[in-house]
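Please read the following account with the model open beside it. The text starts with the whole chain and then turns to a pocket and a few residues.

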Amino acid sequence: MVTYGIDVPSSWKLPDFSEQLDPRRMIFVTRGHQQSEESNQSESQSTPLFSAEECQSVIDMAHNHYGEGADWPRLPSGEYDVAGLWIRDVPAIHKWFQHAVRTKLFPLVARQFPHFCRPSELVVDNAYMFRYTPETGRRTGVHTDSGCLTFTIALNSNEDYEGGGTWFQGLTPDSGDSADGTNATCTSSSSLELGQGHVTVRPGGVRHAGHAITRGVRYIIGGFCMHRHKVETVRMLIGEGNARAKRGDYQGAKTALEAAIAFNPHFDGAYTHLADVCQKLQQQDKARQVLEHCHRHVNPSNGEVAFSLGALYLREQDYDNAKSCMEACLEVDPWDTDAMSVLAQAAAAQGNRGEEESWYRRMVDTPGIDKETAASAYCNLGVLKEGQPEEIGLYEKALELLPANFQPRYSLGSAHAGQKDWKQAAESFRMAVSLATLDENLEGKSQALASLYRVALLLIQSERQNGSALQNQEMMERLYNVMGKENYERLAASRR
């Protein structure tokens, strides 16, 4: 195995069993050294843990189960749903997987954590197979996994796709030994890219994120291991607190989360959840104190805590501290577009349009940004460039990403109207009315109808500048033609 270090504050610990799981040398990647329970022999070779043929057979089992070309189910993965399956739901893969973990994976895990477990003491809590594509393989937010140990198996070659790989917070790029060059690449951005058949094993409490897939398809199997006889007290208390919060039992959630912190005040995972619960209970000062303590004394590199604290400062109009927290987020995760968005909002509140623009520009240039966030950033840039030649192009970029988005469509109509291009303005406002109707956006619909009526009158007026005035019937027919009869009647009905 290749060992990678994690640069974390000395005050930080894993949620459970930190001393046994060694919090400074925690990420292991196969290098071709494997031991089979069946042969009881140790083999040193340049092959991965799973052969290319074995990996391909697993992919084929999945496609045969659902049908070639058929859609896979969607499984939740952080903020987004990903095409994937639970291993237990596909009998052929489940049978293979049970044999694989018993003969290969569990012995490997036990060798890396000999003070924690023997192979026979491990059990897989959950295991899944994901099929990442540019449509379903967006970049995930930084997070930790459930289960005290986590594994990932790469099922296809990294030549089959572009992007991907896993970013680890605090990964030490020069601490790995990858002399064979075949198993994993540790990039300058603290990311690991696995070759086909290779495996990473790590504690679930290590903070990480998955990079977006930009071309092709990537297949992986991931899962969480637990010890049969050891209770993950802190992780269970955090889970109980979150479950109670979902049910609306905020006081019970607070009690469970405070107990998790009392058991292990050096793990940062419970603090944001506790702060969220405190805000639900209208305990704003308590929420701030919880986040400030974690940010200053437990793990200053926890981007989730820094973001929550910065968002709280923003709501309190403490813009300098809000910006400081978001800059801390970006030191940890340079691709955090949510932090960039808050920095843009803080700059706007301070009247610094140049700084606001620079953050939105950085957002749209960020690799792996999702379409919704990019479209919103382009729309905000369009607002900042009101009346300038660039304005219309920025709204059009937003609409290229999300053609059915009301706000850039409406703003595009306003930009055309600002240039007195009444025909284009009317077309955009008419489309905005349709989008608002579909989304049941009553306020937007009313706004778009009123704007459509105004530019329709201006268009008709411009057409008749050198001609005779229209009679009432002719005027109505032209308004119907420009606005759409149904839209005109809706507007008329709203003003009665």
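**From the whole chain to single residues**

In this predicted model, 68% of the contacts in the protein chain with a separation of 6 or more are between residues 24 or more positions apart. The chain contains 18 helices and 16 strands. Its C-alpha atoms fill a box of roughly 100 × 55 × 40 Å along the principal axes.

Of the 496 residues in the protein chain, 51% are buried. The chain exposes about 23400 Å², and carbon and sulfur atoms supply 46% of that area. As for charge, there are 64 negative and 49 positive side chains, and the centres of these two sets lie 4 Å apart.

Next comes a pocket. The second largest pocket holds about 330 Å³ of space. Its lining consists of 14 residues, and those closest to the pocket centre are Pro-134, Arg-138, Ile-369, Asp-370 and Lys-371. Two elements give two or more residues to this lining: strand 15 (213-216) and helix 12 (371-384).

One residue of the pocket lining, Ile-369, is also a contact of Met-363. Met-363 belongs to helix 11, which covers residues 353-364. Is Met-363 buried or exposed? Its relative accessibility is 2%, so Met-363 counts as buried, the cut-off being under 20%. Leaving aside residues up to four places away in sequence, Met-363 touches Thr-337, Met-340, Ser-341, Ile-369, Thr-373 and Ala-377. Between Met-363 and Lys-13 there are 33 Å in space, C-alpha to C-alpha, and 350 residues in sequence.

The loop between helix 12 and helix 13 (390-401) contains Lys-385. Lys-385 counts as buried because its relative accessibility is 13%, again under the 20% limit. Which residues does Lys-385 touch, not counting those up to four places away in sequence? They are Glu-357, Arg-361, Glu-390, Glu-391 and Leu-394. Among these contacts, Glu-357 and Arg-361 have numbers that fall within the 353-364 range of helix 11, while Glu-390, Glu-391 and Leu-394 fall within the 390-401 range of helix 13.

A last residue, Asp-60, is placed in helix 2 (residues 52-66). With a relative accessible area of 35%, Asp-60 is partly exposed, because this value lies between the 20% and 50% limits. Asp-60 and Leu-384 are separated by 324 residues in sequence, and their C-alpha atoms are 51 Å apart in space.

Note on methods: Residues are numbered from 1 along each chain as its sequence is written. This is a predicted model: local features need pLDDT of at least 70, side-chain atom pairs count only at pLDDT 80 or more; totals for chains, interfaces and linings use all residues. Side-chain values use heavy atoms; hydrogens and water are left out. Helices (H or I, at least four residues) and strands (E, at least two) are DSSP runs, numbered from the N terminus. Buried means under 20% relative accessible area, exposed over 50%, partly exposed in between (1.4 Å probe, protein chains only). Contact means heavy atoms within 4.5 Å. Accessible areas come from the Shrake-Rupley method with a 1.4 Å probe; for residues, only the protein chains shown count as cover. Lys and Arg count as positive and Asp and Glu as negative; His and the chain ends are not counted. The place of a charge is taken as NZ of Lys, CZ of Arg, CG of Asp or CD of Glu. On a 1 Å grid over the protein atoms alone, a cavity is a set of points where a 1.4 Å probe fits but cannot get out, and a pocket is an open set with protein on both sides within 12 Å along at least five of seven lines; lining residues have an atom within 4 Å of a point. Grid points are joined across faces, edges and corners, and a volume is the space filled by probe spheres set on the points.
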